[in-house]
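I opened the notebook on the ligand site and the pockets of this model. My plan was to begin with contacts and then turn to the open space.

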Amino acid sequence: MIYSRIEGTGRYLPSKVMTNFDLEKIVDTSDEWIRTRTGVERRHIAADDQATSDIGFEAAKEAIKNAGIDKEDIDLIVVGTTTPDYVFPNVGTLIQDRLGIHGCPAFSVEAACSGFVYALSVADKFIKTGGAKCALVIGAEVMTRLIDWGDRNTCVLFGDGAGAVILKPSSEAGILDCNLGADGKYKDLLLYPAGPSKNFHKMGTGEIGLEMSGNDVFRVAVKTLGNVAEEALIANNIDKQELDWLVPHQANLRIIQATAKRLDLPIEKVILTVQDHGNTSSASIPMALDVGIRDGRIQRGQLILMEAFGGGFTWGTVLMRY
Ligand code: UT7
């Protein structure tokens, strides 16, 4: 049996930090409201001249270094992002060019906050079927470009960043299972209502911004994530007690706490970055994974569940041994 296994991880956060106190000066909000309702204390904001490929490239360089691989070995690049530099070329090819490597397939997967889990699942299939021997998988976003900075319901939630992993085949587990899901009937609850083929003229004009029915998203997210997390364990005959770490998408501390509770997992076994990063969409899981690995909490051989939920709605889990 061939598994795909994470050989190395990396992350990059733009240097500019915006605290809740900074936001108090922009909209009618308070540090207390943001912290108690979301868990967010600060977030990083990309510089005006930083695009998704720029921050994704920095995270990729870290992952390559930490995996100890030669960049020339990379034979697949998959990027989860909802905030690409251009319509095309895709962010994967832009990062490929920045890395100075040529020829391997490179593409982006667009699944909102589930983007990294979707991208990892695609790369896992390539590795398991022998279609790739060394995959670079990235989650990178500049979500703050989609924000209406006058809308206190959404502008306090998001941040920018990028995380990356190197995946290689191994006879030792490895990724055990990936499960993805989506339900487009929820399309109107969380969206940025413009793109190249609809409302194009409104993009980037400040006329529109990210829209979210917070309460509805919260309700469906808690229910769906609890269900898919439990289903992932049951499908793999794994007892809740065996789980070492939950590495969740970092949208809201209260959603994360609810999922941990469904898994009977103490919060100490959850990698939390929401307080420092805010919601970075596709980037949140690979960055949290890198934080847990770098600070020594996540150890080789431990059992990890990653889970994500985002606009669409889309969702997904990845169960793996690190
Ligand atoms: O990553 C993809 C998925 N996204 C998510 O998972 C986000 C899911 N939703 C949430 O995390 C939460 O619903 C929010 C954090 C967005 C909102 O928290 P909530 O507890 O659901 O608050 P609410 O929307 O019910 O609003 C409560 C009150 C309202 O005032 P009234 O109507 O009760 O007077 C809001 O106007 O809080 C008000 N409010 C704020 N007050 C201060 C909303 N935003 C703010 C704010 N500061 N930033």
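I count a polar contact as a pair of N or O atoms within 3.5 Å. I also note that this is a predicted model.

**Entry: polar contacts of the ligand**

I started with Gly214. One of its backbone N or O atoms lies 3.1 Å from an oxygen atom of the ligand, so the pair falls within the 3.5 Å cut-off. Next I looked up His249. Here a polar side-chain atom is 2.9 Å from a ligand oxygen. Then I checked Asn252. An N or O atom of its side chain lies 2.6 Å from an oxygen atom of the ligand.

I followed with the areas. Alone, the ligand exposes 960 Å². The protein buries 75% of that.

**Entry: the shell around the ligand**

I found 22 residues around the ligand. Thr29, Arg37, Arg152, Asn252 and Asn279 come nearest. Asn252 thus turns up both in this group and in the polar contacts.

I sorted the shell by class. I got 10 nonpolar, eight polar and four charged residues.

Which element gives the most to the shell? I found H7, with four residues.

**Entry: the pocket that holds the ligand**

I asked which pocket the ligand occupies. The ligand sits in the second largest one. For the shell around the ligand, I listed the elements that give two or more residues: helix H2 (31-38), helix H6 (152-155), helix H7 (214-235) and helix H8 (253-262).

The second largest pocket has about 680 Å³ of space. I counted 29 lining residues. Leu157, Met212, Gly214, Asn215 and Asn252 lie nearest its centre. Two or more lining residues come from each of H2, H6, H7, H8 and strand S12 (303-310). H7 has the largest share of this lining, six residues. By class, I noted 14 nonpolar, 10 polar and five charged residues in the lining.

**Entry: the largest pocket**

I turned to the largest pocket last. How much space lies in it? I read about 1200 Å³.

Its lining has 42 residues. Thr82, Glu110, Leu146, Tyr192 and Ala194 lie nearest the centre of this pocket. Strand S5 (106-109) and strand S9 (190-191) each supply at least two residues of the lining. I sorted that lining into 22 nonpolar, 14 polar and six charged residues.

Methods. Residues numbered from 1 in each chain as written. Predicted model: local features only at pLDDT ≥ 70, side-chain atom pairs only at ≥ 80, totals over all residues. Heavy atoms only, no water. Near = heavy atom within 4 Å. Polar contact = N/O pair within 3.5 Å; in protein donor to acceptor, adjacent residues only side chain to side chain. Areas by Shrake-Rupley, 256 points an atom, 1.4 Å probe, with all protein chains shown as cover. 1 Å grid on protein atoms, 1.4 Å probe; cavity = no way out; pocket = protein on both sides within 12 Å on 5 of 7 lines; lining within 4 Å. Sits in = over half its atoms within 2 Å of the grid points. Nonpolar A, V, L, I, M, F, W, Y, C, P; charged D, E, K, R; others polar. Points joined across faces, edges and corners; volume = space filled by probe spheres on them.
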